[in-house]
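Me: I am new to this structure and would like a close look at a single part, its salt bridges. Please explain what such a pair is, and then lead from there into the surroundings.

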Amino acid sequence: MHEAIDNESISLSSQVRYRSVSDEGVLVHLENGRVVVVNQVGLHIVGCLKEPTTHDNLVESIAAEFDVSSRQAAADLDLFLAELDQDQLLDRH
């Protein structure tokens, strides 16, 4: 998936609100009522998506924060972004 978004900025949809609850996060899409619960890594990514950013920046942030390889961070990120995109939780710039 990341090949399609490497050269564009992505952010949370303006229709999404989220909260941190312990080590998890809860995202709510205001228009469609979709609720998504994310783990600690997902919460980190969501926090990074408050402002437009790139796939590469997200990979670097995940790798540094969670001490994983860039390859693993990219693979996990791609899956997570695909889920967010499917649930209409992302904006592309």
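Reply: A salt bridge is counted here when a side-chain nitrogen of Lys or Arg lies within 4 Å of a carboxyl oxygen of Asp or Glu. The model is a predicted one, and a search of the whole structure finds three such bridges.

Glu8 and Arg92 meet through their side chains in a salt bridge, with 2.7 Å from N to O. Glu8 belongs to the loop between α1 (2–5) and β1, whereas Arg92 is in strand β5 (residues 90–92), so this pair ties together parts that are 84 residues apart in sequence. With a relative accessibility of 19%, Glu8 counts as buried, because buried means under 20%. Arg92, in turn, has a relative accessible area of 35% and is partly exposed. The side chain of Arg92 also meets that of Asp85 in a salt bridge, at 2.8 Å from N to O, and Asp85 is partly exposed as well, with a relative accessible area of 32%. Glu8, Asp85 and Arg92 are thus linked in a network of salt bridges, in which Arg92 pairs with Glu8 and with Asp85.

The remaining bridge joins the side chains of Asp87 and Arg34, at 3.2 Å from N to O. Since Asp87 lies in the loop between α4 and β5 and Arg34 in the loop between β3 and β4, the pair ties together parts that are 53 residues apart in sequence. Asp87 is buried, at a relative accessible area of 17%, while Arg34 is partly exposed, at 38% relative accessibility.

Arg34 leads on to the hairpin that β3 and β4 form, which has five residues between the strands and includes Gly33, a turn residue with a positive phi of about 75°. β3 and strand β4 (residues 35–38) pair in the antiparallel sense over four bridges, and in this pairing Val28 stands opposite Val35 of β4. On its other side in the sheet order, β3 is joined by six bridges to strand β2 (residues 16–21), and these two strands also run antiparallel. Among the residues matched there, Arg19 has Val26 as its bridge partner in β3. β2 and β3 likewise form a hairpin, this one with two residues between the strands, and Ser22 in its turn has a positive phi of about 60°.

In a regular strand the side chains alternate between the two faces of the sheet. β3 (residues 24–29) has a covered face made of Gly25, Leu27 and His29, and an uncovered face made of Glu24, Val26 and Val28.

Taken together, the strands make an open sheet of three in the order β2-β3-β4, with antiparallel pairing. β2 and β4 stand at the edges with a single partner strand each, so one side of each has no neighbour in the sheet. The twist from one strand to the next averages 20°. Helix α2 packs on this sheet, where it touches β2, β3 and β4, and the direction of α2 makes about 135° with that of β2.

The largest nonpolar core has 22 residues, of which Leu27, Ile45, Leu49, Leu77, Leu81 and Leu84 touch the most other members. Two or more residues of this core come from each of β1 (10–12), β4, α2 (40–48), α3 (55–66) and α4 (70–86), and the largest share, six residues, is given by α4. Ile45 is in contact with Leu58, Ile62, Leu77 and Phe80, when its neighbours within four places in sequence are left aside.

Finally, α4 returns us to the charged pairs, since Asp87 lies in the loop between α4 and β5. The helix α4 has 17 residues and reaches 24 Å from its first C-alpha to its last, close to the 24 Å expected at 1.5 Å a residue. Ala73, Ala74, Leu77, Asp78, Phe80, Leu81 and Leu84 are buried in α4. After α4 comes Gln88, whose phi is positive, near 60°.

Definitions and conventions: Residues are numbered from 1 along each chain as its sequence is written. This is a predicted model: local features need pLDDT of at least 70, side-chain atom pairs count only at pLDDT 80 or more; totals for chains, interfaces and linings use all residues. Side-chain values use heavy atoms; hydrogens and water are left out. Buried means under 20% relative accessible area, exposed over 50%, partly exposed in between (1.4 Å probe, protein chains only). Two strands pair if DSSP finds at least two bridges between them. A nonpolar core is a set of buried Ala, Val, Leu, Ile, Met, Phe, Trp, Tyr and Cys residues joined through side-chain atoms within 4.5 Å. Contact means heavy atoms within 4.5 Å. Axes are lines fitted to C-alpha atoms, for helices over the stretch in contact, and angles run from 0 to 180 degrees between N-to-C directions. The expected span of a helix is 1.5 Å times one less than its number of residues.
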